[in-house]
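Me: I have a model open and would like to learn how to read it feature by feature. Could you walk me through it?

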Amino acid sequence: MASTKIHIGKFNFENCFMNAAGVYCFDREELEKILNSEAGTFVTKTATLSPRDGNPTPRYQDVPLGSINSMGLPNLGFDYYLEYLLELQKTHPDRTFFFSLVGMSPEDTHTLLKRVQESEFNGLVELNLSCPNVPGKPQIAYDLETTEKLLTEIFSYFKKPLGIKLPPYFDMVHFDQAAAVFNKFPLTFINCVNSIGNGLILDDETVLIKPKDGFGGIGGEYVKPTALANVHAFYKRLNPSIQIIGTGGVLTGRDAFEHILCGASMVQIGTTLHKEGPEAFKRITEELKAIMDEKGYKTIEDFRGKLKYL
Ligand code: RRO
């Protein structure tokens, strides 16, 4: 049968699927459920220097075609996740995990990354440059000057494997400009895409979530075409040493197959994981393997990036 093993940088994973940051990753209990599922690995909830309560509830709502959220970066703080990750390095030395991070300011981000650099952590960092939901804080990666400055500073001291979580871009010139910036740095990966920021979904005459008058990040079926376009646009523009994690609109094995055809090495699942729970990994993995078997693809590399044009 087909294999869905992949690698990111020097790290090998038994399966190409994992959670998307924000879903099933708030605390040890949730992370353990992903650890013990069919997923190849997990990423933590994006951690900040201090714990955060996040925005007022209700702040996450599933809808038929996806989800809307304005969580506001609730998390248990950097130390909580680092302690768990270091523990797992001892109990699961054969596995590799992702640590999602961002500071509430560039200074905080540097403090966090310097602490990771000085720690025993030997996995991958996913620096979140795309949270759409903290009032007053813009999505960092929509400002390419700020992003370039931040990455320049980071790579002066940070020597461990690091990738960035990106917001969706919607203009060919923006793909060109963003890729030109990312290609200047020794990034291990980029992750396309975070939720489509600041959408509105209504129920009758009313918004669905409390923060920001109902505005929130959109996930699920709504975002797949945007996610695929971002994965493929960057696949075509980035140095081949920068791998791509595809995130957005993965409900089925077919959706994952499309992300990989567009160039994704790993595939993250957010809204569907929230709706179905960790059992979703088994179903979606089986569906992807069935497509690969039918087409005669034995490994992910047999078809990754091989999207056909007219
Ligand atoms: O916590 C959130 O509100 C959140 C974050 Br940090 C993010 O990166 N993406 C998202 O949809 N929600």
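Me: Let me start with the ligand. How far does a polar side-chain atom of Asn133 lie from an oxygen atom of the ligand?

Reply: Happy to help, and keep in mind that this is a predicted model. To read such a feature, look for pairs of N or O atoms within 3.5 Å. Here, a polar atom in the side chain of Asn133 sits 2.8 Å from a ligand oxygen. Gly72 offers a backbone N or O atom, 2.8 Å from an oxygen atom of the ligand. On the nitrogen side, a ligand nitrogen is 2.8 Å from an N or O atom in the side chain of Asn194. The ligand would expose 310 Å² if taken alone, and the protein buries 92% of that.

Me: Which residues are around the ligand?

Reply: Among them are Lys45, Asn69, Met71, Gly72, Leu73 and Pro74. The list also includes Asn128, Cys131, Pro132, Asn133, Asn194 and Ser195.

Me: Asn128 caught my eye. Which residue stands opposite Asn128 in strand 8?

Reply: For this, follow the bridges between paired strands. Asn128 faces Lys165 of strand 8. Strand 7 and strand 8 (residues 162-166) run parallel and are joined by four bridges. Both belong to an open sheet of seven strands, with parallel pairing and the order 3-15-14-9-8-7-6. At the edges stand strand 3 (17-19) and strand 6 (98-101); each has a single partner strand, so one side of each has no neighbour in the sheet. From one strand to the next, the twist averages 25°.

Me: And Ser130, is that residue buried or exposed?

Reply: Relative accessible area is the number to check, with buried meaning under 20%. Ser130 has a value of 0%, so it counts as buried. Ser130 belongs to the loop between strand 7 (124-128) and helix 4 (144-157). Its side chain reaches the backbone oxygen of Lys165 at 2.9 Å. Beyond its neighbours within four places in sequence, Ser130 touches Gln139, Lys165, Leu166, Pro167 and Asn194. Two names return from earlier: Asn194 is around the ligand, and Lys165 stands opposite Asn128.

Me: Asn69 was in the ligand list as well. Which residue stands opposite Asn69 in strand 5?

Reply: That is Tyr60. Strand 4 (residues 60-63) and strand 5 (residues 66-69) run antiparallel, with four bridges between them. A hairpin connects the two through two residues.

Me: What should I look for in the backbone angles?

Reply: Start from the usual case: most residues other than glycine have a negative phi, and most peptide bonds are trans. Then look for departures. Leu73 is not a glycine, yet has a positive phi of about 60°. Leu73 is placed in the loop between strand 5 and helix 2 (78-91), and is buried, at a relative accessible area of 5%. Asp204, not a glycine either, has a positive phi of about 55°. Asp204 is in the loop between strand 11 (202-203) and strand 12 (206-207), and with a relative accessible area of 69% it is exposed.

Me: Where does a cis peptide bond join Thr57 to its partner, and what is omega there?

Reply: The bond links Thr57 and Pro58, with omega about 0°. Pro58 is in the loop between helix 1 (28-35) and strand 4. A cis peptide bond also joins Cys192 and Val193, where omega is about 10°. Val193 is part of the loop between strand 9 (189-192) and strand 10 (196-199).

Notes: Residues numbered from 1 in each chain as written. Predicted model: local features only at pLDDT ≥ 70, side-chain atom pairs only at ≥ 80, totals over all residues. Heavy atoms only, no water. Buried < 20%, exposed > 50% of the residue type's maximum accessible area, 1.4 Å probe, protein only. Polar contact = N/O pair within 3.5 Å; in protein donor to acceptor, adjacent residues only side chain to side chain. Contact = heavy atoms within 4.5 Å. Pairing = 2+ DSSP bridges. Axes fitted to C-alpha atoms, helices over the stretch in contact; angles between N-to-C directions. Near = heavy atom within 4 Å. Areas by Shrake-Rupley, 256 points an atom, 1.4 Å probe, with all protein chains shown as cover.
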